[in-house]
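Hello,

Here is the structure I promised to pass on. Please have a look at it, then read my notes below.

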Amino acid sequence: MNNLTRITKVFESADEIPFDDSSRIILMSDIHRGDGGWADDFSKNQNLYFAALTHYYNENYTYIELGDGDELWKNKKLSDIIYVHSHAFWLLSKFFKEGRLHFIFGNHDMVKRDPKFVKNNLYQYLDEREQKHIPLFENIKLHEGLVLRHRVTNQKILLIHGHQVSLIDYELWRLGRFLVRYLWRPLESFGVNDPTSTAKNYDKKDAVENRLIEWVTREKQMLIAGHTHRPRFPEVGEPPYFNDGSSVHPRCITGIEIAEGNITLVKWDVKTKNDGTLFIGREILAGPRELKDYVYQQ
């Protein structure tokens, strides 16, 4: 099966989430929550992430994570990640309890495609202080892809991580995990970047994006992905391939909002008031644009 056919298969089998112009959705990916150690790329942005999610929770958004939420190539145990970033998981569990949370798995958390792993690691967690198991995402279902379908216009938007177009990140993900965990992670401490990483290799970014755009053009279908860590917001008339970026940029986190019939690329970072006070704020990078502007004319 070639990688474009693989995406089509995901599109045709994905669960649908109905929405309309009153819906509010925030799409984020590539959080790479780690174990709090030196290799935890998320740690430096955890306050930005928590502030952004608090805003979206209070504003009644649905949170959809487009893969690589947890760094399970570098780290073996999800329980260590949940323990270190318990405040983030507490907030995510509030979204879940209100039916406003959906998880898609990516290559770095591909183990979540196994229902047994999900049941053993995400349904509940061990509270160290209480020494008892506490419900977390009880009976949650993980997805390779999801389709947003507009209740009125019937417009469909495919949501995937984007690793489906990369051989080592999809078919050979166990090899990729082995190399990252036992070769490139130790070498990172000496300043050596992983040459197989899509996020750190511009040629790989371009190759992934070109294949995703090829699928969008061939299928005449809007697509939102992550994986490359490179935000993308096309102009009207260009192939409607969007990318929500990541939460491990050096100084900010990014995401894509869908609200009031519009789509917007945003970032959250530390800003400064005139009196020198620091605060975490939201900034629009692109948009808002009306979703209907990205419907292919048949």
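One open sheet has six strands in the order β4-β3-β2-β11-β12-β13, and its pairing is mixed. Helices (H or I, at least four residues) and strands (E, at least two) are DSSP runs, numbered from the N terminus. Two strands count as paired if DSSP finds at least two bridges between them. The edges are β4 (101–104) and β13 (278–290); each has a single partner strand, so one side of each lacks a neighbour in the sheet. On average, neighbouring strands here are turned by 25° against each other, direction ignored. Axes are lines fitted to C-alpha atoms, for helices over the stretch in contact; angles run from 0 to 180 degrees between N-to-C directions.

This is a predicted model: local features need pLDDT of at least 70, side-chain atom pairs count only at pLDDT 80 or more, and totals for chains, interfaces and linings use all residues. Residues are numbered from 1 along each chain as its sequence is written, and side-chain values use heavy atoms, with hydrogens and water left out.

Within that sheet, β2 (residues 24–28) and β3 (residues 62–66) run parallel, joined by four bridges. Met28 has Glu65 in β3 as its bridge partner. Helix α4 (residues 86–97) packs on the sheet and touches β3 and β4, at about 115° to the direction of β4. Contact means heavy atoms within 4.5 Å.

Helix α2 (residues 46–58) lies across β2, β3, β11 (252–259), β12 (262–272) and β13, at about 130° to β12. Its buried residues are Leu48, Tyr49, Ala52, Leu53, Tyr56 and Tyr57. They cover an arc of only 160° around the axis, which puts them on the same side of α2. The arc is taken from the directions from the helix axis to the C-beta atoms. The buried residues of α2 pack against β2, β3, α4, β11, β12 and β13. The face turned away from the buried side carries the exposed Asn47 and Asn58. Buried means under 20% relative accessible area, exposed over 50%, partly exposed in between (1.4 Å probe, protein chains only). Asn60 follows α2, with a positive phi near 65°.

A second sheet to look at: it is open, with five strands in the order β1-β7-β8-β9-β10 and mixed pairing. Edge strands β1 (15–19) and β10 (241–243) each pair on one side only. Strands β7 (residues 145–150) and β8 (residues 156–160) are antiparallel over five bridges. Leu148 stands opposite Ile157 in β8. Helix α1 (residues 3–13) packs on this sheet, touching β1, β7 and β8, at about 120° to the direction of β8.

Best wishes
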